[in-house]
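Here are my notes for you on this one. Keep the structure open beside you and check each point as you read.

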Amino acid sequence: AVQCFWGSSPSLFTFLPGLINCLLPTKSLQETSMKIIQLSAASGLLKVVEHYSKFLSPYLRRILKLVCDSRLCTADGSSKVAEKVKLIRTSTAKSVPARVMLPAITDVYSADLDPASILALMGMLGESVSCMGRSDATVHSAQLVRFFLNALDYRTLHSNEENLNDVAFVEDSVIASCVLYIVKLSENALRPVYLKLFDWATREGSPKDRVLTFFRLSDSMAAKLVSLFTLFAGPILSSAASLLDANNFAKAESLFFEDD
């Protein structure tokens, strides 16, 4: 169907909202019919993304919500529909300009999304960041820092979850995307970003769980930056030492993470 509209962009984009809606399953159709419709819609949307990525801005948020929908993300990974949706996510992340992609991801992200949706969205963000040059990462730095300060609060907002391993799994996806951004920065650009993250985690009144998130992020940064990480580690050493003392029965009457 996409080929029928190939020569006329206005007609194609009139047709696009209906194509997007066909991707989600409905109870009104038999499973076999639904799979055929989904596969056709996914194939058509992939073609649109591959050839018209620069014109997707009006539809991008809807596309992101759809291809990161948990009903599609948690589908059988061997299914053709799941494979197509994964290709759409990859192609969208790599071909849509960062100046368009980042605001859309920011708008779509919420800590209340299903974990599978967040994992998919973070995967797209990581792909987009990986395609950036160093100059682009610097240009979009303020926006990315704001986003990551929000997304890194996932543990804090889900501290009452029964399975904290699942929380850590989602947090890992945020950290992975953040590190991909961090390694794009020059030393002069990275230092203030890292200090801002440190202040976010340790300022008076901050939730205690932020400290865990910050040091997990720092651990990932150290593994990626190796010896370069020592250039930024100075300000956190005294804080790390104090935190260790605050969780040592021999040195503290009440532990920092007493409830854990």
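1. Let's begin with a loop residue. V226 counts as exposed, because its relative accessibility is 56% and the cut-off for exposed is over 50%. You'll find V226 in the loop between α13 (209–225) and α14 (230–246). Have a look at its backbone too: V226 has a positive phi of about 55°, although it is not a glycine. Why bother to point that out? Most residues other than glycine have a negative phi.

2. Now a word on how far to trust what you see. This is a predicted model, and the chain averages a pLDDT of 84. A score of at least 70 is reached by 83% of the residues. Go carefully at the start of the chain, though: over residues 1–8 the pLDDT stays under 50. For that stretch the model has 14 contacts beyond four places in sequence.

3. What is the chain built from? It has 14 helices and zero strands, so if you read along the sequence you simply meet one α after another. Of the 260 residues, 45% count as buried. The accessible surface comes to about 13800 Å², and carbon and sulfur atoms account for 54% of that.

4. Sequence distance is worth a thought here. Take the contacts in the chain with a separation of 6 or more: 67% of them join residues 24 or more positions apart.

5. Next, the inside. The largest nonpolar core has 77 residues. Which of them touch the most other members? They are L45, Y109, L125, F148, Y181, L217 and M221. Pick L45 and look around it: leaving aside neighbours within four places in sequence, L45 is in contact with L16, L19, I20, L23, I63 and I88.

6. Here's a helix pair to find. Helix α7 (residues 115–130) and helix α11 (residues 164–182) pack at an angle of about 10°, and their axes are 9 Å apart. The two are therefore roughly parallel to each other, since angles under 35 degrees count that way. On the α7 side the contact is made by P115, I118, L119, M122, L125, G126, V129 and S130. On the α11 side, F169, V170, S173, V174, S177, L180 and Y181 do the job.

7. Stay with α7 for a moment, as S128 sits in that helix. Is S128 buried or exposed? S128 is buried, because its relative accessible area is 4%. Not counting residues up to four places away in sequence, S128 touches A93, A98 and M101.

8. Over in α11, try V179. V179 counts as buried because its relative accessibility is 8%. Which residues does V179 contact, leaving aside neighbours within four places in sequence? They are L217, S220, M221 and K224. V179 and S218 are 39 residues apart in sequence, and their C-alpha atoms are 9.2 Å apart in space.

9. Last stop is helix α9 (residues 141–151), where the buried residues are S141, L144, V145, F147, F148, L149 and A151. What do these residues pack against? Their partners are α6 (98–108), α7, α8 (134–139), α10 (154–157), α11 and α12 (187–202). So both helices of the roughly parallel pair, α7 and α11, turn up in that list of partners. F148 is worth picking out, as it is one of the core residues that touch the most other members.

Key: Residues numbered from 1 in each chain as written. Predicted model: local features only at pLDDT ≥ 70, side-chain atom pairs only at ≥ 80, totals over all residues. Heavy atoms only, no water. pLDDT = per-residue confidence, 0-100. Contact = heavy atoms within 4.5 Å. Helix = DSSP H or I, 4+ residues; strand = E, 2+ residues; numbered from the N terminus. Buried < 20%, exposed > 50% of the residue type's maximum accessible area, 1.4 Å probe, protein only. Areas by Shrake-Rupley, 256 points an atom, 1.4 Å probe, with all protein chains shown as cover. Core = buried A, V, L, I, M, F, W, Y, C linked by side-chain atoms within 4.5 Å. Axes fitted to C-alpha atoms, helices over the stretch in contact; angles between N-to-C directions. Parallel < 35°, antiparallel > 145°, perpendicular 65-115°, else oblique.
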